[in-house]
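Here is a walk through the side-chain packing and pairing in one model. Keep the structure open while you read.

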Amino acid sequence: MNFCKTISSEKGENICLAYEDYGEGKPIILIHGWPLSHKMWEYQVPALVQAGYRVITYDRRGFGESDRPWNGYNYDCMACDLKDLIEHLNLMEVTLVGFSMGGGEVARYIGNYGSSRISKAVLVAAVTPFMLKTNDNPQGVDQEVFDGMKDGIKKDRAGFMKDFGKGFVNYDENKDRVSAAQVDFNWNIACHASPKATLDCIDAFAFTDFRENCKSFDIPTLIVQGNADKIVPIEVSGEHAKDLIPNAEFKVIENAPHGLMMTHKAELNEILLEFLGR
């Protein structure tokens with residue numbers, strides 16, 4: 001595991017991000033979802049490296065092996081962390097791949113810093129463009145849903161994550177595609193995260209509006225989502241994002257849940273490699 005110091009600091013110490021860097025070729029950065037870590041990409045990293053790409057995965061602040069500051073769990077700060085990692089590795093022509101919450105980092109990075117270092121973007125079951133139901137976003141999710149998530153975590157974080165993990169992969173419908181052991185492994189990763197980060201990031205992905213960021217995309221963009229996603233409904237995210245991001249390509253994986261990188265890994269990997277290879 002490698003570490004990158006960010007420009008962000010707390011109590012006089014720079015925040016460090018943990019990352020892994022494998023392979024040679026054009027760089028791809030894989031950005032994990034909530035409440036997991038870079039380990040969620042276990043079935044994508046080998047396929048991408050073997051196809052001739054340099055693949056970088058990292059842990060968002062507060063998750064995995066990265067530092068756990070008390071503050072900074074907003075998308076401006078987290079996009080800045082991503083910028084620091086890109087500059088630390090002096091990367092150019094990067095493809096950013098953001099899953100779920102990680103799609104927000106992709107959108108906010110492009111919105112705040114442009115695409116001079118970025119060649120392509122991929123949003124996988126992403127929270128873009130805007131999750132919260134409002135008067136001008138009527139297809140969004142009611143705030144009570146997010147409030148309930150926070151209440152559940154405050155009451156019994158491990159218990160909440162146990163139930164959330166089953167819904168993450170639609171376990172009852174996908175027992176032939178994902179094992180109970182994999183669901184338990186995801187639970188272990190989730191419980192390892194900072195409790196403060198886990199809570200604060202709900203507000204970040206629920207209440208951050210990426211609609212203007214999406215309109216600023218000026219690079220080839222792929223949107224991928226399963227039409228059985230119960231965590232980030234496709235009509236809130238993928239179907240809306242494709243209308244905002246100029247010339248975005250939209251791929252739907254039939255019957256795939258939110259955690260499609262595990263349950264439908266072959267289908268996802270094929271779509272990613274085809275898009276990257278153009």
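The largest nonpolar core in this predicted model has 92 residues. Those with the most contacts inside that core are Ile 29, Trp 34, Leu 96, Phe 99, Phe 146 and Phe 205. In soluble globular proteins, nonpolar side chains tend to be buried together.

Phe 205 is a good place to zoom in. Skip its neighbours within four places in sequence, and Phe 205 still touches Trp 34, Tyr 75, Met 101, Val 127, Met 131, Phe 146 and Met 149.

Now for the rings. A pair of aromatic rings is described by the distance of the centres and the angle of the planes. Searching the whole structure turns up 10 aromatic pairs. One of them is Tyr 75 with Phe 210, an edge-to-face pair with 4.8 Å between centres and 85 degrees between planes. That pair links distant parts of the chain, with Tyr 75 in helix α2 (residues 75-88) and Phe 210 in the loop between α6 and α7 (211-215), 135 residues apart. Tyr 75 counts as buried at 2% relative accessibility, and Phe 210 counts as buried at 0%.

Phe 146 and Phe 205 also pair up: their ring centres are 6.4 Å apart and their planes sit at 70 degrees, so this pair is edge-to-face. It too links distant parts of the chain, since Phe 146 belongs to helix α4 and Phe 205 to helix α6, 59 residues apart. Both Phe 146 and Phe 205 are buried. Step back from the single pairs and you find a cluster, in which ring pairs link Trp 34, Trp 41, Phe 99, Phe 146, Phe 160, Phe 164, Phe 168, Phe 205 and Phe 207.

Some rings have a charge for company. The charged end of Lys 120 sits over the ring of Phe 275, 4.9 Å from its centre. Arg 60 lies over the face of Phe 63, at 5.9 Å from the ring centre.

On to charge against charge. Side chains of opposite charge can pair when their charged atoms come close. How many salt bridges does the structure hold? There are 19 salt bridges, including these:

| Salt bridge | N to O distance |
|---|---|
| Glu 267 and Arg 177 | 3.3 Å |
| Asp 200 and Lys 196 | 2.5 Å |
| Arg 278 and Glu 249 | 2.7 Å |

Take Glu 267 and Arg 177 to begin with. Glu 267 lies in helix α10 (residues 265-276) and Arg 177 in the loop between α4 (143-168) and α5 (180-192), so the bridge ties together parts that are 90 residues apart in sequence. Glu 267 is partly exposed, at 28% relative accessible area, and Arg 177 is partly exposed as well, at 35%.

Asp 200 and Lys 196 make a local bridge: they are four residues apart in helix α6 (residues 195-207), which means about one helical turn separates them. Is each partner buried or partly exposed? Asp 200 is partly exposed, with a relative accessible area of 22%, while Lys 196 is buried at 18%. The cut-off for buried is under 20%, so these two partners fall on opposite sides of it.

Arg 278 and Glu 249 link distant parts of the chain again: Arg 278 is in the segment after α10 and Glu 249 in strand β8 (residues 249-253), 29 residues apart. Arg 278 counts as exposed, at 55% relative accessibility. This bridge doesn't stand alone, either: salt bridges that share partners join Glu 249, Lys 251, Glu 274 and Arg 278 into one network.

Conventions. Residues numbered from 1 in each chain as written. Predicted model: local features only at pLDDT ≥ 70, side-chain atom pairs only at ≥ 80, totals over all residues. Heavy atoms only, no water. Core = buried A, V, L, I, M, F, W, Y, C linked by side-chain atoms within 4.5 Å. Buried < 20%, exposed > 50% of the residue type's maximum accessible area, 1.4 Å probe, protein only. Contact = heavy atoms within 4.5 Å. Salt bridge = Lys/Arg side-chain N within 4 Å of Asp/Glu carboxyl O. Helix = DSSP H or I, 4+ residues; strand = E, 2+ residues; numbered from the N terminus. Phe/Tyr/Trp six-rings, centres within 6.5 Å; stacked < 30°, edge-to-face > 60°. Lys NZ or Arg CZ within 6 Å of the ring centre and 35° of its normal.
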